[in-house]
Amino acid sequence: MRKKLFSLAIPALFVAAAMVSCKKDKPVTSESNEVTTTKEGNQYTLDTLNSKVEWKGYKVFKSESTSHFGTIKFESGDVTVKEGKLESGKFVADMNSLTSEDLKNDADQLGKLNGHLKSGDFFEVEKFPTASFEITKVTPTTEGDYNTLLDGNLTIKGISKPVQFKANVSVKNGEVSVATEPKDIKREEFGVKFQAPAANGVIKDEVTLQINVKALEKK
């Protein structure tokens, strides 16, 4: 039963790459970008009901049959718009909301999986209850299907590292939407190193993350 639980739990742990900003402890290590954005402009508040992080993890070979996927909800966030363009932003995710969508129809296994992921074996949500991504630089681009490059600081389990996302950003009618590319993050760089027994399949270090947020202008 424990092996079965491990095999289910590993993939969902990839959500860690999603983001962790500890409320109780300062980062253990930091390789963060210098913040060049400002709070000068109109302020927007994150719409937590319509914002989320989506994650997807794989075993050794990437395929739909060996993948698991899920979501994390946001606890809070804010965005600044200057002269009609995104100027800055910070998004804080609630790690207690971590869940696997592909197991949602199996309440027993889902409960065991989510509980294990929140334990000291994985994300230690009691110690690291939130996750965050802070934008440090916003650059317009015409690369591929995206109109913006977002440089930012990603903090996971007390470890901060710079990460860049391609994104589509829209500012109109009092609403800001940000939808990033699906991007692979190396979970082990953030201290998420748990591995299942080899018999259950080796888990890839990379996890695919996608951030989708909406923010509404403060009245």
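**Exercise 1. Place strand E5 among its neighbours.**

Solution. Val 81 stands opposite Leu 86 in E5, and this pair belongs to the eight bridges that join strand E4 (residues 67-82) to E5, the two running antiparallel. Here strands (E, at least two residues) and helices (H or I, at least four) are DSSP runs numbered from the N terminus, and two strands pair if DSSP finds at least two bridges between them. The model is a predicted one, in which local features need pLDDT of at least 70 and side-chain atom pairs count only at pLDDT 80 or more, while totals for chains, interfaces and linings use all residues. Residues are numbered from 1 along each chain as its sequence is written, and side-chain values use heavy atoms, with hydrogens and water left out.

Next, look at the turn: the hairpin of E4 and E5 has two residues between the strands, and Glu 83 there takes a positive phi near 55 degrees. Then turn to strand E7 (residues 130-140), which is joined to E5 by five bridges and runs antiparallel to it; in E7, Phe 133 is the bridge partner of Phe 91. Finally, because seven of the 10 residues of E5 (residues 85-94) are buried, the strand is largely enclosed by the rest of the structure. Buried means under 20% relative accessible area, exposed over 50%, and partly exposed in between (1.4 Å probe, protein chains only).

**Exercise 2. Determine which charged residue pairs with Asp 78, and where the two partners lie.**

Solution. The side chain of Asp 78 meets that of Lys 39 in a salt bridge (2.5 Å, N to O). This pair links distant parts of the chain, with Asp 78 in strand E4 and Lys 39 in the loop between strand E1 (29-30) and strand E2 (42-46), 39 residues apart. A salt bridge requires a side-chain nitrogen of Lys or Arg within 4 Å of a carboxyl oxygen of Asp or Glu. Asp 78 itself is partly exposed, with a relative accessible area of 25%.

**Exercise 3. Describe the charge surroundings of Glu 181.**

Solution. Begin with its position, which is the loop between strand E10 (175-180) and strand E11 (183-186). Glu 181 is buried yet has no salt bridge, since the nearest side chain of opposite charge, Lys 183, is 4.2 Å away; Lys and Arg count as positive and Asp and Glu as negative, whereas His and the chain ends are not counted.
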